[in-house]
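Trainee: I would like to go through the labels on this model. Ask me to accept nothing without its cut-off.
Mentor: Fine. Bring up the structure and we start.

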Amino acid sequence: MKYLKSILAVIILTVAFGACEKEEISYAFQEISAPTNVTAVFDITQDDTGVVTVTPSGEGAQEFLVYWGDVANEEPELVTPGGSLEHTYGEGQYKARVIAVGSTGLTSEFTQMLNVSFSAPENLEVTIDQSDPNPLLVKISASADNATMFDVFWGDVDDEEATPLMPNETVEHIYPAAGEYTVRVIAKGASATTVEYTEVITVSEASGAIVLPITFDDPAVNYAGNIDGAFSIVDNPAPGGANESESKVGAIENAGELYEAIVINLGEPVDFSEFKTLKMKFWSTSAMPVLMKFEGGVDGERANEVLVTHEGTGWEVLSFDFANNAVKSYIDGDPENGQPFVPTGKYSTMVIFAAFGEDTAGTFYFDDVEQEGASGNCETETEENIDPAAGDINWTFKTADFAHSFEPFGNIASEIVANPNPTGINTSCNVQSYVKTAGCELWSGVGKGLDNAIDLTTSPNKTFKLMVYGESKTTTVTLQLEFEPFPNTEPLVAINQEMTKVGEWEELTFDFSEHTDKTFKSIIVYF
């Protein structure tokens, strides 16, 4: 299952209205973070001048402060994203520092040791690592006496630009296909003389088998070699709807025949002994029937299939219920073709028909094929970060040990539960329930204190987004920010938003742009 990075917390709340009737709601917070992936590319002129150029980069950085590390009490030089700075070093070793400053004032730091020598590099040693599960991924590191940095050429494109490599670091590259490639590594310093290493490497194809869930994002899996028919893997051509992830998806090319299909040979059979529902994200701009069929029974089990309808709205989640909707697949001469059937065995082959029984030509896409209840993805969902100073606020939860969930107050019950409808914009595994019963207090809700405050005096992003889900009715949702650590309640600012949908996730936006002079230490949600 894929998770969107922009979803930072997921909570489900069960609320009551009037006499405390049951209602379900959930929410998620947008990011408040220091710059991430901060790095810098260093280059040195090979003319015995000692001139070094640095080009910093980092996600969420508004500016960079560069400390060259060659003088005491140094004042930093300022450079904006995309810019570069030059500095002249004498011979020696220096620790350069690059500090990325974000829009909120939070910072992240990158350091690099530089060895500036006017002697020619020597004793070049290159390590080429091909041990990653993805056979197309190759990693390279290098060392050499008197070398300031290295240029790496992977050998898979014409007029290739060098990949910069610093000492004690590793660079990696994903080759477009299996084959033989000539790798070159050039060690260089301040001297005009360089030293070069060359090696021919053999890159093999992925060999991993296809197992559920199928995401098309595992580089170790040989998807193409295990799927027969007009099939390819492409980047998601239309992120949105039920599949906002900009990742890999499977493409089905229909020529316009009535019963075109792709056949997926599974490395691990699908077991229908307990879980009998499969879900798949499918993309089409026209309505059509989509059929999922299982054959290749391990013990000779009867082939069977389920037919569902795609509404033609782009990415939709299709649910194939083999407990209630499966029928026996066509076998020549079998009088029971089309009769209801409930599979209980194991099947090694999955067949997918787009526009089943229609002469519709075109390209259709599918992704995230999983057996509901059996994939085990939720077991890996972990609590990653609850500190805005340490990066994106990301309140995801384990299936046990929910120490970082929101704390309830006002005579209500609250716990982490499985997402009751993991479709649409919220496919997260776990969410937080909030239950009001008879005797609930007027001001009851859930809240959380922050180790590092949300500072709206410097942050340009003053908008919070909450995902909500109403099981049977809509209601008003209040997001409240408090100046004092939870559970204190004064002073505060609050914004109300109305839910508009029932039975599906929607996103509510709370804009605190009018509060540019505020710093908050708690988040509260009321219903």
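Trainee: Why is the contact between Glu196 and Arg184 called a salt bridge?
Mentor: The model is predicted, so this is a computed contact. The N to O distance between the two side chains is 2.9 Å. The cut-off is within 4 Å, for a Lys or Arg nitrogen and an Asp or Glu carboxyl oxygen. The pair of Glu196 and Arg184 therefore qualifies.

Trainee: What parts does the pair of Glu196 and Arg184 tie together?
Mentor: Glu196 belongs to strand E16 (residues 195-203) and Arg184 to strand E15, so the linked parts are twelve residues apart in sequence.

Trainee: Why does Glu196 count as partly exposed?
Mentor: Its relative accessibility is 43%. Buried means under 20% and exposed means over 50%, so a value in between is partly exposed. Arg184, at 29%, gets the label partly exposed too.

Trainee: What makes Asp151 and Lys188 a salt bridge?
Mentor: Their closest N and O atoms are 3.1 Å apart. That is within 4 Å, so the label holds. Asp151 sits in strand E12 (residues 149-153) and Lys188 in strand E15 (residues 179-188), so parts 37 residues apart in sequence are tied together.

Trainee: How do you know that Asp151 is buried?
Mentor: Asp151 has a relative accessible area of 18%. The limit is under 20%, so Asp151 is buried. Lys188 has 6% and is buried as well.

Trainee: What makes Asp368 and Lys281 a link between distant parts of the chain?
Mentor: Asp368 is in strand E27 (residues 361-371), Lys281 is in strand E21 (residues 277-284), and they are 87 residues apart. Their closest N and O atoms are 2.9 Å apart, within the 4 Å limit. Asp368 and Lys281 are both buried.

Trainee: Which residues are joined into one network by salt bridges that share partners?
Mentor: Asp43, Asp151 and Lys188. Across the whole structure, the search finds twelve salt bridges.

Trainee: Now the sheet. What is the order of the open sheet of four strands?
Mentor: The order is E6-E5-E8-E9, with antiparallel pairing.

Trainee: Why do E6 and E9 stand at the edges?
Mentor: Strand E6 (77-79) and strand E9 (107-116) each have a single partner strand, so one side of each has no neighbour in the sheet.

Trainee: How do you know that E5 and E8 pair?
Mentor: Six bridges join strand E5 (residues 61-67) to strand E8 (residues 92-102). Pairing needs at least two, so E5 and E8 pair. Val66 stands opposite Val98 in E8.

Terms used. Residues numbered from 1 in each chain as written. Predicted model: local features only at pLDDT ≥ 70, side-chain atom pairs only at ≥ 80, totals over all residues. Heavy atoms only, no water. Buried < 20%, exposed > 50% of the residue type's maximum accessible area, 1.4 Å probe, protein only.
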